Amino acid sequence: MSPDMRLVLEKIYAATPETVSGLIANANHGHPNHPAIVVVGSDDELVHKVASTPGAVGLVDVYAINSSVEVVKIAGKLPLEPGYPLHGN
């Protein structure tokens, strides 16, 4: 498991990989053409998917962000600000 995925499991879901897989399957059940949660293979793919899907939100390494997407604050903080809640360390 990648360090990024471990961060998501610990800080966002606070759950095991199996539990999160079940949550994703349940959220997407009955929506094969328009899933609620999409898992992609790379940061570049995620940025492209978010940029091309109105209303989409994604979690990506800060260094993969480009001008095609808007950064959303979490707890009033941007990714490089002290106190940002999703720092890996």
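Helix α2 is a good place to start: at 1.5 Å a residue, its 12 residues should span 16 Å, and the end C-alpha atoms sit 17 Å apart, which agrees. That expected span is 1.5 Å times one less than the number of residues. Helices here are DSSP runs (H or I, at least four residues), numbered from the N terminus.

This is a predicted model, where local features need pLDDT of at least 70, side-chain atom pairs count only at pLDDT 80 or more, and totals for chains, interfaces and linings use all residues. Residues are numbered from 1 along each chain as its sequence is written, and side-chain values use heavy atoms, with hydrogens and water left out.

Now for the two sides of α2. Buried means under 20% relative accessible area and exposed means over 50%, with partly exposed in between (1.4 Å probe, protein chains only). Val 20, Ile 24 and Asn 28 are buried. They cover an arc of only 65 degrees around the axis, taken from the directions to the C-beta atoms, which puts them on the same side of α2. On the other side, Glu 18 and Asn 26 are exposed. Just past the helix, Gly 30 has a positive phi of about 80 degrees.

Then there's the largest pocket, whose lining sorts like this:

| Lining class | Residues |
|---|---|
| Nonpolar | 35 residues |
| Polar | 10 residues |
| Charged | 5 residues |

Ala, Val, Leu, Ile, Met, Phe, Trp, Tyr, Cys and Pro count as nonpolar, Asp, Glu, Lys and Arg as charged, and the others, Gly among them, as polar.

Notes
Helix = DSSP H or I, 4+ residues; strand = E, 2+ residues; numbered from the N terminus.
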